[in-house]
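User: Please take a close look at the nonpolar core of this model and at what surrounds it. A connected account with the cut-offs stated would suit me.

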Protein chains: 2
Amino acid sequence: MTLAQTIKRPSLHEELVERLRDLIVEDTLKPGTKVPEKELCAAFGVSRTPLREALKVLASEGLVELLANRGAQVARVTRQELESTFPVIAALEQLAAEIAYEKLTDAQIARIGERHAAMMTAYRTGDRPAYFAANQDIHNLLIAGAGNPVLEAHHRTLAARVRRARFMSNLSQDRWDQAVEEHGQMIKLLQARDGKALGLLMKTHLMNKCAAHLEALDAAESTGRT
Amino acid sequence: MTLAQTIKRPSLHEELVERLRDLIVEDTLKPGTKVPEKELCAAFGVSRTPLREALKVLASEGLVELLANRGAQVARVTRQELESTFPVIAALEQLAAEIAYEKLTDAQIARIGERHAAMMTAYRTGDRPAYFAANQDIHNLLIAGAGNPVLEAHHRTLAARVRRARFMSNLSQDRWDQAVEEHGQMIKLLQARDGKALGLLMKTHLMNKCAAHLEALDAAESTGRT
DNA sequence: CGGTGTAATTATGAATTCATTATTGAGTCA
DNA sequence: TGACTCAATAATGAATTCATAATTACACCG
């Protein structure tokens with residue numbers, strides 16, 4: 001079974017789901033804007049059928065909204081959405097911690113430590129993109145460590161929805177410091193393999209991250225940005 | 001804002017997603033069987049385009065599998081899938097309990113009590129379909145009580161995937177008794193509004209349900225059923 | 001001018017068509 | 001008889017076409 005993997009040539013629509021998801025998560029397609037079917041078809045060199053199939057899937061993931069007879073638009077990042085999504089992500093990461101802590105190999109923990117070190121470097125040099133990337137890697141490695149594909153899939157979907165928020169909310173220094181502090185704890189608990197405590201930490205860490213985003217969102221709104 | 005709701009006329013593909021999901025969850029379309037596009041098109045009186053769009057969405061939900069150039073087949077209910085899915089559902093229901101316990105109105109708790117009574121009646125008379133229906137209502141009411149649309153959506157998707165298992169696994173009397181006992185506790189904790197304990201109970205209840213399904217699955221397999 | 005109503009244009013939702021890939025089945029040969 | 005080849009058939013994936021709903025442009029009226 002490990003020998004012969006089924007060859008996977010992704011279908012057009014799967015490919016498009018990936019590409020479009022990236023465009024949305026990376027903020028190239030801006031929240032609230034309409035998705036121009038025709039242009040995207042031209043850009044990707046495909047017909048409307050697979051593109052529209054991809055939009056249906058993205059809609060089911062909550063990344064786009066389908067308006068009757070008016071096509072698709074990129075879903076906005078609303079306060080309400082963040083408030084609904086973060087608790088669910090928190091619950092999933094708590095679960096992941098509780099499953100993963102005893103399954104992780106030393107090598108996997110070391111790998112997480114590596115990304116943590118990279119994150120700390122980015123923190124000290126103020127390199128936010130690098131910080132976010134390393135941060136995301138750490139969370140994903142923990143999730144992957146649980147070895148639960150369903151958990152992983154749902155986490156990925158939810159994470160994609162909120163990841164876009166980082167383009168709207170400019171994290172305050174205090175919140176950043178707090179997050180880094182929590183990540184330090186995380187590494188300690190991971191090395192101590194204290195799954196219960198790690199789970200609780202993940203949960204509060206995520207909820208703090210949520211609060212930080214909401215604060216930043218409020219700040220952005222009060223200064224006139226929509 | 002409460003006055004003018006946007007009129008919602010579901011598009012063909014949305015309608016089809018619902019209908020097909022029901023057919024799969026209600027075991028009309030059997031796990032492992034191929035989905036005959038042509039016949040379904042004829043049955044629903046639609047063309048292949050919206051039907052195929054619906055299949056893409058169902059695939060992203062994990063209810064069908066898309067085989068390259070060989071269409072879609074209804075996803076099988078595997079041991080591995082149950083083992084992966086139940087912990088996630090358990091985590092979501094735990095979260096729901098922790099959120100809902102203080103938000104639920106007395107009327108909502110009464111409504112849950114009603115369904116609990118109906119479930120107990122079905123239990124005593126041995127009416128399994130009625131039992132399952134009431135049981136499902138109770139869990140859904142709790143989830144709805146949390147008032148978190150993201151939680152609700154993900155729970156619905158996951159619940160659909162495992163609900164099909166009840167057609168394969170014939171619950172043992174012991175397990176049934178145990179589930180009923182836990183549901184009794186549930187009502188007590190709900191009325192006491194003890195969110196923390198209720199959350200933990202939901203989690204263990206779901207994990208027990210998982211164990212019961214796995215047992216039944218093993219029993220079914222050992223007697224020759226695939 | 002500003003607002004309303006209507007025609008022209010455009011974009012969407014769905015059906016249909018086309019090309020390609022699987023599947024079936026008859027026929028051949030060992 | 002049974003395995004294999006290859007043509008015939010059917011089904012899929014994607015492009016195209018068609019009907020309809022929404023948007024825009026513009027004339028008309030106040």
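Analyst: The largest nonpolar core holds 70 residues, and A96(A) and A96(B) have the most contacts inside it. A nonpolar core here is a set of buried Ala, Val, Leu, Ile, Met, Phe, Trp, Tyr and Cys residues joined through C-beta atoms within 7 Å. A residue is buried if 20 or more other C-beta atoms lie within 10 Å of its own, exposed if 12 or fewer, and partly exposed in between, with C-beta atoms placed from the backbone. The model is predicted: local features need pLDDT of at least 70 and side-chain atom pairs count only at pLDDT 80 or more, while totals for chains, interfaces and linings use all residues. Residues are numbered from 1 along each chain as its sequence is written, and chains are lettered from A and ligands numbered from 1 in the order in which they are written.

Leaving aside neighbours within four places in sequence, A96(A) is in contact (C-beta atoms, placed from the backbone, within 7 Å) with L142(A), I143(A), A146(A) and L151(A). Another core, of 30 residues, lies apart from the 70-residue one; V17(A), I24(A), L29(B) and V64(B) are among its members.

L151(A) also takes part in a helix contact between the chains. Helix α7 (residues 149-163) of chain A packs against helix α4 (residues 79-100) of chain B at an angle of about 50°, with the axes 7 Å apart. Helices are DSSP runs (H or I, at least four residues), numbered from the N terminus. Axes are lines fitted to C-alpha atoms over the stretch in contact, and angles run from 0 to 180 degrees between N-to-C directions. α7(A) and α4(B) are therefore oblique to each other, a class left over once angles under 35 degrees (roughly parallel), over 145 (roughly antiparallel) and 65 to 115 (roughly perpendicular) are taken out. P149(A), V150(A), L151(A) and H154(A) make the contact from α7(A), and S84(B), T85(B) and V88(B) from α4(B). These residues divide into 4 nonpolar, 3 polar and no charged; Ala, Val, Leu, Ile, Met, Phe, Trp, Tyr, Cys and Pro count as nonpolar, Asp, Glu, Lys and Arg as charged, and the others, Gly among them, as polar.

As for the chains as wholes, a rotation of 180° with 0.0 Å of shift along its axis superposes chain B on chain A, with an RMSD of 0.1 Å. That is the relation of a two-fold axis. The superposition is by least squares on the C-alpha atoms of residues with pLDDT of at least 70 in both copies. Of the interface residues of chain B, 96% are also interface residues in chain A, so the copies meet through the same surface.

Terms used: Helix = DSSP H or I, 4+ residues; strand = E, 2+ residues; numbered from the N terminus. Contact = placed C-beta atoms within 7 Å.
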